[in-house]
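Hi everyone, thanks for coming. I'd like to walk you through a structure that may be new to most of you, so stop me if I go too fast.

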Amino acid sequence: MAVSLKAMRYYCAALRLGSLAQAAAELRVAASAVAAAIDQIEAHFGLSLAIRQRARGIEATADGRVMAQRFQALLEEYETVLRDGAARRQSLGGDLRIGYYAPVAPAFMPQILAPLIAPENDLTVYLDACDNEAAQEGLRRGAYDAILFVADAAAPWMEVAPLIDAPPYCLLAADHPLATRRALSLRDLAELPLVSLNRPLAADYYRQLFEAAGQRPRTIAHCTSSEMVRSLVGTGQAAAILNMLPLTEQSYAGDRLAVVPIADALPPLTLSVGTPMGQQRRAVAEFIANLRVYFAQPGKLICA
């Protein structure tokens with residue numbers, strides 16, 4: 001049987017006070033429990049560690065003094081770990097590691113993180129753009145404290161909080177002939193050259209939209225970056241279907257863009273935040289709270 005921290009504590013108290021009865025009183029246990037702890041430790045190591053005398057109480061042997069010193073060091077380290085863990089849970093300091101599959105996260109992440117990275121908090125944030133599967137795998141491995149991802153197929157070992165449903169929309173150059181339409185159908189879009197966001201989850205999602213409608217679009221470019229999609233659309237030569245919408249009407253290239261709703265009843269993508277099961281430390285909890293507040297505000301939605 002392994003020596004427990006409780007047994008170590010009882011042993012050290014008895015030797016420090018020189019009395020089983022006094023140790024029991026301090027620890028608020030029966031004297032027999034203290035005696036049993038000493039017996040357990042001696043049996044485990046096969047050593048005589050304490051001399052018990054009716055008149056003089058209890059004293060350590062030479063081996064007992066060595067073991068008491070080592071036990072005391074372990075107990076102090078254990079208490080330090082407990083204090084550090086409690087402080088870490090309440091502190092806004094340390095590191096906050098976030099993996100995100102959200103192509104337009106730069107549109108909202110700065111506002112959400114701003115109060116957390118204030119100098120008085122001593123918090124360092126690590127942001128890692130990744131695909132949906134990599135985000136979940138990173139959370140499972142402990143590489144991330146929280147992830148932003150599309151939770152249509154979330155793993156059962158994490159806690160998931162939906163943030164926003166993002167329906168698909170059509171993106172066009174502002175001067176495109178169809179940019180002034182109130183809505184477009186998938187049939188309309190299938191007749192246009194398209195630029196596709198070629199990310200693992202997104203590519204399948206957009207393909208399934210057209211397959212369900214019995215349409216076969218003509219895709220002229222596949223891009224792994226939503227900003228590259230927007231810039232190509234800005235040239236006026238193609239359209240695109242996206243779900244997340246930045247808070248700007250311009251592409252990186254400076255071209256003006258237009259958003260047109262899609263008339264078909266299409267399934268949205270649900271942006272969610274995921275964390276490991278259980279209580280989270282303060283920095284993670286406040287990050288999640290800030291996300292929820294942001295997406296609950298009218299006018300702050302980043303989808304069409």
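I'll go through the helix packing, the nonpolar cores, the salt bridges and a few single residues.

One thing before we start: this is a predicted model, so please keep that in mind throughout.

Okay, let's begin near the start of the chain. Have a look at helix α1, residues 5-17, and helix α3, residues 31-45. How do these two cross? Their axes come within 8 Å, and the crossing angle is roughly 110°. That angle falls in the range from 65 to 115 degrees, so α1 and α3 count as roughly perpendicular to each other. On the α1 side, the contact uses A7, M8, Y10, Y11 and A14. On the α3 side, you'll find A33, V34, A37, I38, Q40 and I41. And what sort of residues are they? In this contact, 10 are nonpolar, one is polar and none is charged.

While we're on α3, let me point out A36, which sits in that helix. Is A36 buried or exposed? Neither label fits: with 41% relative accessibility, A36 counts as partly exposed. If you trace from A36 to Y10, you cover 26 residues in sequence, yet their C-alpha atoms are 9.3 Å apart in space.

Right, on to the inside of the protein. The largest nonpolar core holds 36 residues. Which of them have the most contacts inside that core? Those are C170, L172, L189, Y206 and V229. Quite a list of elements gives two or more residues to this core: the strands β7 (169-173), β8 (193-197), β9 (218-223), β10 (239-242) and β11 (257-261), plus the helices α7 (186-190), α8 and α9 (226-234). The largest share comes from α8, with five residues.

Let's zoom in on Y206 for a moment. Leaving out residues up to four places away in sequence, Y206 touches L197, I241, L242 and N243. There is also a second, separate core, this one of 28 residues, and it includes Y100, A105, M109 and A283.

Now for a charged residue, R230. You'll find R230 in helix α9. Buried or exposed, what would you guess for R230? The relative accessible area of R230 is 2%, so it's buried. It has plenty of company, too: setting aside residues up to four places away in sequence, R230 touches L171, L242, L245, P246, T248, E249, Q250, S251 and L257. You may recognise L242 there, since Y206 touches L242 as well.

That brings us to charge pairs. As a general point, side chains of opposite charge can pair when their charged atoms come close. How many salt bridges are there in the whole structure? A search finds 14, and I'll show you a few.

Start with E137. Its salt bridge with R140 has the closest N and O atoms 2.5 Å apart. Both E137 and R140 are in helix α6, residues 132-141, and they sit three residues apart, about one turn of the helix. E137 has another partner as well: the side chains of E137 and R141 form a salt bridge at 3.8 Å, N to O. E137 and R141 are four residues apart in α6, so about one helical turn separates them. How accessible are these three? E137 is partly exposed at 32%, R140 is partly exposed at 48%, and R141 is exposed at 57%.

We get another pair in helix α8, residues 200-212, where R207 and E211 are four residues apart, about one turn of the helix. These two form a salt bridge, with 3.1 Å between the closest N and O atoms. R207 is partly exposed, at 39% relative accessibility. And remember α8 from earlier: it gave five residues to the largest core. Finally, D39, E42 and R52 are linked in a salt-bridge network.

Last topic: backbone angles. Which residues other than glycine have a positive phi? R28 is one, with phi near 60°, and D122 is another, with phi near 55°. R28 is in the loop between α2 (20-27) and α3, and D122 is in the loop between α5 (109-113) and β4 (123-129). R28 is exposed, at 79% relative accessible area, and D122 counts as exposed too, at 61%.

That's my tour, and I'm happy to take questions.

Key: Residues are numbered from 1 along each chain as its sequence is written. This is a predicted model: local features need pLDDT of at least 70, side-chain atom pairs count only at pLDDT 80 or more; totals for chains, interfaces and linings use all residues. Side-chain values use heavy atoms; hydrogens and water are left out. A salt bridge is a side-chain nitrogen of Lys or Arg within 4 Å of a carboxyl oxygen of Asp or Glu. Buried means under 20% relative accessible area, exposed over 50%, partly exposed in between (1.4 Å probe, protein chains only). A nonpolar core is a set of buried Ala, Val, Leu, Ile, Met, Phe, Trp, Tyr and Cys residues joined through side-chain atoms within 4.5 Å. Contact means heavy atoms within 4.5 Å. Axes are lines fitted to C-alpha atoms, for helices over the stretch in contact, and angles run from 0 to 180 degrees between N-to-C directions. Angles under 35 degrees count as roughly parallel, over 145 as roughly antiparallel, 65 to 115 as roughly perpendicular and the rest as oblique. Ala, Val, Leu, Ile, Met, Phe, Trp, Tyr, Cys and Pro count as nonpolar, Asp, Glu, Lys and Arg as charged, and the others, Gly among them, as polar.
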